[in-house]
Amino acid sequence: MKIKENCTIVEQKEIAPDIFSMWIQTGKIAETAAAGQFVSLYSRDKSRMLPRPISLCEIDRTQGRLRLVYRIAGEGTREFSQMKEGEVISVLGPLGNGFPLDEARGKHVMLMGGGIGIPPMVQTARELNAAGTVAVAGYRDVLFLQEELKGFCDVYTATEDGSAGTKGTVLDAVREQALAADIIFACGPTPMLRAIKQYAAKQNIPCWISMEEKMACGVGACLACVCQSKEVDGHSHVHNKRICKDGPVFLASEVEL
């Protein structure tokens, strides 16, 4: 059940150029949050009416805290990056549907994250925390969240400039390292997800993808963040899925990219 809370910032720091890590203290949101879900953060600037969706990187249910790792993409996220420890921010969550962890139990799981699609893989790896789980992380250049991932699984890296790991994409790393899996969970930009979907189909591997998309309401009412699907949506009555409400995680074979 989604809740709107005023949350206190516990920690905020820049972990890579224009990429920030924010820990927030929640009253209820952390209790029911799941790997692959997101929250919406509200600006203090009343001219920015729409919230900004940010995926969950880590969930500390014991202390009631959430870690959000995000990139500055506009004035809203720039405002968040300038906030300090002790300040209060309005948060709605948890939102969306996360990764189907029960489907992955006892299987060799490959987590694939690209850029700001890497953060959701940290909590997913934590929840699985099993032998046979590997993470393949793709970066433009500067690495982040490597140590967090290594705490739960083996990690392979790809960089566009070849400065670390395999030069190229996450799929280049998969091929170079001869990695195999029973199931794939992926998050990243659309071209990456499209390539992973094709790879998974050829290899006959079930694949779940978390789609990155600009959102407006974040709760499925406005139809601003839709993707084409094989099934007819019960809300819009067309072949669309609302990424914020029906996703952001989908079975790759059910959506068009």
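The paragraphs below lead through a predicted model, from its barrel to its cores and then to a site named in a database record. In this predicted model, local features need pLDDT of at least 70 and side-chain atom pairs count only at pLDDT 80 or more, while totals for chains, interfaces and linings use all residues. Residues are numbered from 1 along each chain as its sequence is written, and side-chain values use heavy atoms, with hydrogens and water left out.

A good place to begin is the barrel, which six strands close in the order S1-S2-S5-S4-S3-S6 with antiparallel pairing; here strands are DSSP runs of E with at least two residues, helices are runs of H or I with at least four, and both are numbered from the N terminus. The twist from one strand to the next averages 45°, where axes are lines fitted to C-alpha atoms, for helices over the stretch in contact, and angles run from 0 to 180 degrees between N-to-C directions. Strands of a sheet pair through backbone hydrogen bonds, either parallel or antiparallel. Strand S4 (residues 52–60) and strand S5 (residues 65–71) pair in the antiparallel sense over four bridges, two strands being counted as paired if DSSP finds at least two bridges between them. Helix H3 (residues 119–128) packs on the sheet and touches S4 and S5, its direction making about 30° with that of S4; such contact means heavy atoms within 4.5 Å.

Next come the nonpolar cores, each a set of buried Ala, Val, Leu, Ile, Met, Phe, Trp, Tyr and Cys residues joined through side-chain atoms within 4.5 Å, where buried means under 20% relative accessible area, exposed over 50% and partly exposed in between, with a 1.4 Å probe and protein chains only. The largest core has 30 residues, of which Leu111, Leu149 and Phe185 touch the most other members. Its largest share, four residues, comes from H3. A second, separate core of 25 residues includes Val136, Ala173, Ile184 and Ile196.

Finally, an unreviewed UniProt entry carries the annotation "binding site", which covers residues including Arg52, Ser55, Arg71 and Gly76; such annotations may be inferred rather than shown by experiment. Ser55 lies in strand S4, and, leaving aside residues up to four places away in sequence, Ser55 touches Gln37, Phe38, Arg67, Leu68, Val69, Pro119 and Pro120. Gly76 belongs to helix H2 (residues 75–81) and counts as buried because its relative accessibility is 2%. With residues up to four places away in sequence again not counted, Gly76 touches Arg48 and Arg52.
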